[in-house]
Amino acid sequence: MRDHNDAKIKFDGYENKDILIDIKNDLITPLLQILLKDKSTKRNIIWATDTYSELGIGFKDKDQINRDLLLKHADIIKPRIQKSLETQADRTRKKACVNYAEKI
């Protein structure tokens with residue numbers, strides 16, 4: 001059930017506005033292998049971004065998304081809008097640091 005006043009998600013007494021879907025939930029976890037499967041290649045989908053490469057092996061842009069690794073780092077799953085805002089903030093910080101360094 002969704003409360004539109006404050007955009008919180010309520011499910012069986014659980015309430016969190018930061019988690020859209022809890023992939024560690026007992027109802028979701030068994031479905032992950034199906035959801036990660038690319039129907040055309042019959043292999044798992046790939047990350048297609050270097051955003052998570054700092055997590056190590058299995059997180060490079062062309063690596064297939066592994067169910068067990070994904071569950072181990074479940075906190076990286078975020079709504080697209082939240083990722084976009086964080087990416088923009090990171091770019092701004094990096095650019096500010098570069099600009100500051102150039103002026104010195």
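Modeller: Before we look at the surface, note that a patch is made of residues with over 30% relative accessible area and no salt bridge, where like charges are joined within 9 Å and nonpolar side chains (Val, Leu, Ile, Met, Phe, Trp, Tyr) within 5 Å. A salt bridge is a side-chain nitrogen of Lys or Arg within 4 Å of a carboxyl oxygen of Asp or Glu, and accessible areas come from the Shrake-Rupley method with a 1.4 Å probe, with only the protein chains shown counting as cover for residues. This is a predicted model, in which local features need pLDDT of at least 70 and side-chain atom pairs count only at pLDDT 80 or more, while totals for chains, interfaces and linings use all residues. Residues are numbered from 1 along each chain as its sequence is written, and side-chain values use heavy atoms, leaving out hydrogens and water.

Biologist: Which residues form the nonpolar patch on the surface?

Modeller: The patch is formed by Leu-31, Ile-34 and Leu-35, which together have about 300 Å² of accessible area.

Biologist: Why does Leu-35 count as buried or exposed?

Modeller: Exposed means over 50% relative accessible area, buried under 20%, and partly exposed in between (1.4 Å probe, protein chains only); Leu-35 has 56%, so Leu-35 counts as exposed.

Biologist: And why does Leu-71 count as buried or exposed?

Modeller: Leu-71 has 15% relative accessibility, and therefore counts as buried.

Biologist: What does Leu-71 touch, not counting residues up to four places away in sequence?

Modeller: With contact meaning heavy atoms within 4.5 Å, Leu-71 touches Ile-23, Lys-24, Thr-29 and Leu-32. The C-alpha atoms of Leu-71 and Lys-24 are separated by 6.6 Å, although these residues are 47 residues apart along the chain.
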